[in-house]
Amino acid sequence: MSDKITDFVPEPGTCLSWEIKKKELGEIPGNEEIIKQSWDNLDEYAYSFIWWFVQR
């Protein structure tokens with residue numbers, strides 16, 4: 001059975017928060033903070049792009 005999270009409401013200013021993505025990925029070997037920072041940057045770019053695209 002899949003553990004995919006299918007029902008959530010994103011926090012304001014995010015597409016998919018790190019907490020939800022972390023649950024989806026499971027255990028993370030190594031320095032989690034590096035991955036979290038990259039994810040947050042990617043999520044911020046995605047959020048900005050969506051707003052830019054919607055307002056065109």
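# Salt bridges, helices and a surface patch

Mentor: This predicted model holds 3 salt bridges.

Trainee: Which residue meets Lys21 in a salt bridge?

Mentor: Lys21 lies in helix α1. Its partner is also in helix α1, 3 residues along, which is about one turn of the helix. The two side chains meet at 3.0 Å, N to O, and the partner is Glu24.

Trainee: Is Lys21 buried or exposed?

Mentor: Buried means under 20% relative accessible area. Lys21 has a relative accessibility of 16%, so Lys21 counts as buried.

Trainee: And how does Glu24 count, buried, partly exposed or exposed?

Mentor: The range between 20% and 50% is called partly exposed. Glu24 has a relative accessibility of 36%, so the class of Glu24 is partly exposed.

Trainee: Which residues does Lys21 touch, not counting those up to four places away in sequence?

Mentor: Glu24 is 3 residues from Lys21, so a count that leaves out residues up to four places away does not include Glu24. The residues that Lys21 touches under this count are Leu16 and Trp39.

Trainee: How many residues apart in sequence are the parts tied together by Glu32 and Lys22?

Mentor: The side chains of Glu32 and Lys22 meet in a salt bridge of 3.1 Å, N to O. Glu32 lies in helix α2 and Lys22 in helix α1, so the pair ties together parts whose separation in sequence is 10 residues.

Trainee: What is the relative accessible area of Lys22?

Mentor: Its partner Glu32 is partly exposed, at 25% relative accessibility. Lys22 is partly exposed too, and its relative accessible area is 34%.

Trainee: Which residue meets Lys36 in a salt bridge?

Mentor: The partner is 4 residues from Lys36 in helix α2, a separation of about one helical turn. Lys36 is partly exposed, with a relative accessible area of 24%, and the partner is partly exposed at 31%. The side chains meet at 2.8 Å, N to O, and the partner is Asp40.

Trainee: Which residue caps the N-terminal end of α2?

Mentor: Helix α2 covers residues 32-54. A side-chain oxygen of the capping residue lies 3.0 Å from the backbone nitrogen of Glu33, and that residue is Asn31.

Trainee: What does helix α2 reach from its first C-alpha to its last?

Mentor: Helix α2 has 23 residues. At 1.5 Å a residue, the expected value is 33 Å. The model comes close to that, with a reach of 33 Å.

Trainee: What is the area of the nonpolar surface patch?

Mentor: The patch is made by Phe49, Ile50, Trp51, Trp52, Phe53 and Val54. One of these, Trp52, is found in helix α2 and is partly exposed at 49% relative accessibility. The area of the patch is about 670 Å².

Trainee: Where is Cys15 found?

Mentor: Cys15 counts as partly exposed, at 23% relative accessibility. Helix α1 covers residues 18-25, and Cys15 is found in the segment before α1.

Trainee: Which residues is Cys15 in contact with, leaving aside its neighbours within four places in sequence?

Mentor: Cys15 and Glu44 are 29 residues apart in sequence but 7.8 Å apart in space, C-alpha to C-alpha. The residues in contact with Cys15 are Phe8, Pro10, Asp43, Ala46, Tyr47 and Ile50.

Conventions. Residues numbered from 1 in each chain as written. Predicted model: local features only at pLDDT ≥ 70, side-chain atom pairs only at ≥ 80, totals over all residues. Heavy atoms only, no water. Helix = DSSP H or I, 4+ residues; strand = E, 2+ residues; numbered from the N terminus. Buried < 20%, exposed > 50% of the residue type's maximum accessible area, 1.4 Å probe, protein only. Contact = heavy atoms within 4.5 Å. Expected span 1.5 Å × (residues − 1). Polar contact = N/O pair within 3.5 Å; in protein donor to acceptor, adjacent residues only side chain to side chain. Patch = residues over 30% accessible without salt bridge, like charges linked within 9 Å, V, L, I, M, F, W, Y side chains within 5 Å. Areas by Shrake-Rupley, 256 points an atom, 1.4 Å probe, with all protein chains shown as cover. Salt bridge = Lys/Arg side-chain N within 4 Å of Asp/Glu carboxyl O.
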